[in-house]
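Walk through this structure with the coordinates open. The route starts in a small sheet and ends where two chains touch.

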Amino acid sequence: MKKIYLDYAATTPVDPRVKDFIQPYFFEIFGNSQSIHSIGQESFKAIEQSRKFISEVLNCHPEEIIFTSGGTESNNTAIKGIYFANRKRGGKHIITTTIEHHAVLEPVKFIVENFKEEGARVTYVPVNKNGIVEIEKIFESISDDTILISVMHANNEIGTIQPIKEIADRLKIVNEERKKQNKPKIYFHTDAVQTFGHLKIDLKEINVDLLSASGHKFYAPKGIGFLYIRKTTEIEPLLHGGGHEFNKRSSTLNLSGIMGIYKATQIAYEQLEEENKKIKLLRDKLLDGILKKVPDVIINGSLENRLVNNLNISVVGVESESLLIALDGENICVSSGSACSSGSLEPSHVLAALGLDPVLARGSIRFTLGRFTKEEDIDYVLDVFPKIVEKIRKISPLY
Amino acid sequence: MSQYSEKVMEHFMNPKNVGEIPDADGIGTVGNPVCGDLMTFYIKISSDGKTIEDVKYKTFGCGAAIAVSSMVSEMAKGKTIDEVLKFTREMVAENLGGLPPQKMHCSNLGVDALHKAIEDYLTKKKIHPLLCKCPFCDKDLPCAEIMECEKCEKQITKCPYCGKLVEFKETCSNCGKKIR
């Protein structure tokens, strides 16, 4: 039977148009973009075309885009890169939020744990019960040695969109003040892995210094992403070598990946509003149907400032792994907030940050829709899901 | 999901003996819903006090926890108390065609819950027909989770993994598993 995939926030399939587009970039066009000869230059031109296009949609300069292997590398480069470039100048303090992806939380933790002696420290700013970061608390935590603020654009588990423009605007004023006082600039990084290719981002309007994006979240292949680094922002590279990517990321460029993210961006921007409208209709149908058919369901995170494809709910009295497996048994592939690894159940840090009851957090389930979701898929889920919940609740001592 | 055996999936998709027994002779709950699984077993004992006539359970937890509960209930139904007390976690896992290693600890609680229900029954009846022997001096001890052998000045317990009576220390002296 056909599988119904509702886990687009985990990864997306490669759009067939992207798949076709990158075919020549394995055998016909394959050169090392650093080579001076014509075969190398052919690759160079293709890569620069991709870089130029991405910089145009973001409204920035091509030299401000460096290609990476994906979201995790972009986030690591931004955070470690800024810290290592500025630690000697007194920048020690990082501000981030409690709901970031592990690809932000872990590099921050790495810095704080390994450079404690020289004063490295972090402030985790909480979110309100709707899953939106408390801006006031960000600005309250700023001190003389603050070097970086990292706030995700939209959360991967609950889809809440963070007020990054507001943060950037206020930070601009703070930085102007700091300049007068000869204090180090505070850089602003946003992890836009869940939003680039889904929401329009204008970097002239949103004043961030660094922005991470990943291809496989919007129908490009896995293993390609980029980091926007505003001109004049100094970073220490993670990868040292041949000096590729303006000396910010050495490594022979991933030609087919770069052409994949180029085509995927093109397609995304051609149909962005239209596609979001269609997906939102389906998501709302799923939400309404579940609320109508299944009692005692809690929506996690604000429905207002939210990615249109995300639905995260807690099903009272049900544990998510059993729900997930039962749904998989009916060919529905979704995801849960908590992951059971190495013998210990780790409830989602995002749902914990919302203040959700830990037992309810264990019953959370995430549906994320995408380009290839059809109305009949939602109808099928609405037919199957209530039956499965009822069955598991019959076994549950908590319902 | 491929991490589970066919047998686990079979029991998970169609769990046997789900429910509660309103006039149960013994009830046993183990686990914690915040960071693990939660299971409550209900048993009905025959009039002669020897056989488990009926078993039911309610379980909150992952697929493995539900499959374990179902398997344990099937294994115990119709068996004598003596036989059931010899059940171990490993027997359950084996009957299920194996469990993923990370599930052995947090989800394989069915036997513990069932034993607790039997304990509850025995306590209520104020009978301890079961005697366990101290593995060091062979002295009869009333069966309990942790037994004191005054003669040897040792604490004795039944290893939940291999079922052997051993000294209650960090690890089982027979199978080496962590028991404390």
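Which residue in S8(B) is the bridge partner of B:Lys158? The partner is B:Leu165. Keep in mind that this is a predicted model.

That pair belongs to a wider pattern. Strand S7 of chain B covers residues 154–158, and three bridges join it to S8(B). The two strands run antiparallel. Now step back to the whole sheet. It is open, has three strands, and follows the order S6-S7-S8 in chain B. Its pairing is antiparallel. Strand S6 (146–149) and strand S8 (165–167) of chain B stand at the edges. Each has a single partner strand, so one side of each has no neighbour in the sheet. From one strand to the next, the twist averages 35°.

Next, move to another strand pair. S2(B) and S3(B) run antiparallel and are joined by eight bridges. One of the paired positions is B:Ile45, whose bridge partner in S3(B) is B:Ile52. Six residues lie between the strands of this hairpin. There, B:Gly49 takes a positive phi near 75°. S3(B) itself is mostly covered, with seven of its nine residues buried.

Finally, turn to the interface. Here 21 residues of chain B are in contact with 19 residues of chain A. On the chain B side, the elements giving two or more residues include strand S2 (38–45) and strand S3 (52–60). Helix H1 (6–13), helix H2 (63–76) and helix H5 (101–106) of chain B are also among them. By class, this side of chain B has 13 nonpolar, seven polar and one charged residues.

Key. Residues numbered from 1 in each chain as written. Chains lettered and ligands numbered in written order. Predicted model: local features only at pLDDT ≥ 70, side-chain atom pairs only at ≥ 80, totals over all residues. Contact = placed C-beta atoms within 7 Å. Helix = DSSP H or I, 4+ residues; strand = E, 2+ residues; numbered from the N terminus. Nonpolar A, V, L, I, M, F, W, Y, C, P; charged D, E, K, R; others polar. Pairing = 2+ DSSP bridges. Axes fitted to C-alpha atoms, helices over the stretch in contact; angles between N-to-C directions. Buried ≥ 20, exposed ≤ 12 C-beta atoms within 10 Å, placed from the backbone.
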